[in-house]
Amino acid sequence: MAKTPDTDRLADLESRIEAAQKARVPALRGKSKYTAASLAWRMVIELVVGMALGVGIGFGLDSLFGTLPIFLMIFAILGFAAGIRTMMRTADEVKNKRAEGALLGDENEG
């Protein structure tokens with residue numbers, strides 16, 4: 001005599017599984033939005049800080065040597081390039097899921 005599954009217990013189990021899945025999905029979406037926003041701000045700050053350091057160093061050297069525009073322009077361009085390079089490195093970390101805030105979505109991916 002074969003055992004038949006208890007349909008009431010199976011229906012209850014299915015409803016609990018669906019409820020648990022629905023409860024989990026909004027939490028992941030909220031975390032993804034926060035992570036994406038913090039990642040975007042990180043990249044913007046990296047660009048601005050690189051540019052500001054370049055301008056600061058250039059202005060300091062120009063003030064020191066009395067040649068106002070030349071070092072300011074050179075180091076502003078170098079600071080911009082350094083900021084772009086740092087942003088690209090961050091984007092590579094996100095692409096390879098190595099950054100601390102790079103997990104956009106499921107944490108179980110590896």
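## Thr 67 and its polar contact

The side chains of Thr 67 and Asp 62 are joined by a polar contact of 3.1 Å, a value that, like the others in this report, is computed from a predicted model. Thr 67 lies in the loop between helix 1, which spans 7-65, and helix 2, which spans 68-95.

With a relative accessibility of 31%, Thr 67 counts as partly exposed, because that class covers values between the 20% under which a residue is buried and the 50% over which a residue is exposed.

## Thr 90 in helix 2

A second threonine, Thr 90, is found in helix 2. Its relative accessibility is 2%, so Thr 90 counts as buried, the cut-off for that class being under 20%.

Which residues is Thr 90 in contact with, once its neighbours within four places in sequence are left aside? They are Leu 39, Arg 42, Met 43 and Glu 46. Helix 1 runs over residues 7-65, and these four partners of Thr 90 carry numbers that fall in that range.

## The chain as a whole

The secondary structure of the protein chain consists of two helices and zero strands. Among the contacts in the chain with a separation of 6 or more, 55% are between residues 24 or more positions apart.

The protein chain has 110 residues, of which 15% count as buried, and Thr 90, at 2% relative accessibility, belongs to the buried class. The chain exposes about 8,700 Å², and carbon and sulfur atoms supply 67% of that area.

Methods
Residues numbered from 1 in each chain as written. Predicted model: local features only at pLDDT ≥ 70, side-chain atom pairs only at ≥ 80, totals over all residues. Heavy atoms only, no water. Buried < 20%, exposed > 50% of the residue type's maximum accessible area, 1.4 Å probe, protein only. Polar contact = N/O pair within 3.5 Å; in protein donor to acceptor, adjacent residues only side chain to side chain. Contact = heavy atoms within 4.5 Å. Areas by Shrake-Rupley, 256 points an atom, 1.4 Å probe, with all protein chains shown as cover.
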